[in-house]
Amino acid sequence: MLVLGIESSCDETSAAVVGDGREILSNIVLSQAGLHAPYGGVVPEIASRAHTEAIYTLCENALKEAGIAAWQLGAVAAAYAPGLIGALLVGLNFGKALAYRQKLPFVAVNHIKGHVAAAYPEYKNLEPPFLAFVASGGHTSIMECAEYTGFKLLGSTRDDAAGEAFDKTARAMGLGYPGGAAIEKYAALGDAHSVKIPLAAVRGSELDFSFSGVKTHIINHINALNQKNGGLTEKDRRDIAASFTENIVLSVVSRIKRALEITGHSALVCAGGVLANGDIRKALEKLCGDLNVDLYIPGKQYCGDNAAMIASQGYYEFKAGSAAALSQNAFASVDLD
Ligand code: KG4
Ligand code: ZN
């Protein structure tokens, strides 16, 4: 069954056609990063407008690239939550209208579940149950996935998301938005032990994350350097980036290790924009090698927001009987389980 997936939860507009949840026929991603960069972060009104301008052509092109017409689809799936409400509404409403016009079932997809489904096209034999970790600009979640559609949240961030911490640290160093990739580049040449950053822990919940203290610590460190030296040198930036990354890696690895111990899962799926980071990928490969756990991380282009992941999850939601009514609304946040 061919599913058209639509993603518009933040600052990427994307449309994709995926067969049986596993075969990507097309996946077009239009990043708005350039529109938001002057403001140092995503501006919701600009995001909604840019989605509106792009959505029709993107869906048309996704069908064209897949070599099919809309009537050949089996369903339309769109992300409905969590995300920026105005942005989500653009993709959701377009998807509902198309499904109505073509007399197709419409499937509403949780964006975080979609990130996990990004692994299915690449790993054809991957099936639940497994442990999953999603880290992006808006979310940091450890989940137990007993079925394709049944998720249980085990841990999440109490404040900033991991990607948000990357972006805010990059901004404080003058590296622009979004900052994850820039931090990775600088970290490669820095000394990870040069800036001592305390490891954050959430008392009483060993699988929850907290990143706002890390960010504050770095901003204070930068302010001190600014006062002392009148600015940051390239070496300062490299050392801060490396020390920050090391801190995030330790936080992530220790919690995933504990979650694997608690749940006993022998498979781990990781996704979300932050998983494009080579240092985090390497650390997880090492952890899983040591624990004899099978690790599944999609290729970097499928870690960030894309519609193929929405189409994949949409297929499994449809198979589980969760076609949505056309009255389906969008939500900025939603419970996973
Ligand atoms: O999944 P995603 O594309 O969008 C959301 O759902 O938020 O993730 C975007 C986040 C941004 O915060 C970005 O800085 C981060 O992923 N990111 C990275 C890297 N590439 C993107 N973080 C660390 N290292 C990277 N190489
Ligand atoms: Zn995302």
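**The shell around ligand 1 and the setting of serine 212**

In this predicted model, the shell around ligand 1 consists, by class, of 13 polar, 5 nonpolar and 3 charged residues.

Q: Which residues are the closest to ligand 1, and how many surround it?
A: Ligand 1 is surrounded by 21 residues, and the closest are Gly137, Asp167, Glu184, Gly273 and Asp305.

Q: What makes the pairing of glutamate 184 with ligand 1 a polar contact?
A: A polar contact requires a pair of N or O atoms within 3.5 Å. An N or O atom in the side chain of glutamate 184 is 2.8 Å from a nitrogen atom of ligand 1, so the pair meets that definition. The protein covers 86% of the 560 Å² of accessible area that ligand 1 has on its own. Helix H4 (111-117), helix H5 (162-172) and helix H6 (180-187) are the elements that give two or more residues to the shell.

Q: Why is ligand 1 said to lie between domain 1 and domain 2?
A: Residues of the shell come from both domain 1 (2-122 + 301-324) and domain 2 (130-297), and therefore ligand 1 lies between them.

Q: Why is serine 212 called partly exposed?
A: The term buried applies under 20% relative accessible area and exposed over 50%, with partly exposed in between. Serine 212 has a relative accessible area of 23%, so it is partly exposed.

Q: Where does serine 212 lie, and which residues does it touch beyond four places away in sequence?
A: Serine 212 belongs to helix H7 (residues 212-229), and it touches Asp159 and Asp160.

Definitions and conventions:
Residues numbered from 1 in each chain as written. Chains lettered and ligands numbered in written order. Predicted model: local features only at pLDDT ≥ 70, side-chain atom pairs only at ≥ 80, totals over all residues. Heavy atoms only, no water. Near = heavy atom within 4 Å. Polar contact = N/O pair within 3.5 Å; in protein donor to acceptor, adjacent residues only side chain to side chain. Areas by Shrake-Rupley, 256 points an atom, 1.4 Å probe, with all protein chains shown as cover. Helix = DSSP H or I, 4+ residues; strand = E, 2+ residues; numbered from the N terminus. Nonpolar A, V, L, I, M, F, W, Y, C, P; charged D, E, K, R; others polar. Domains from an automatic or database assignment. Buried < 20%, exposed > 50% of the residue type's maximum accessible area, 1.4 Å probe, protein only. Contact = heavy atoms within 4.5 Å.
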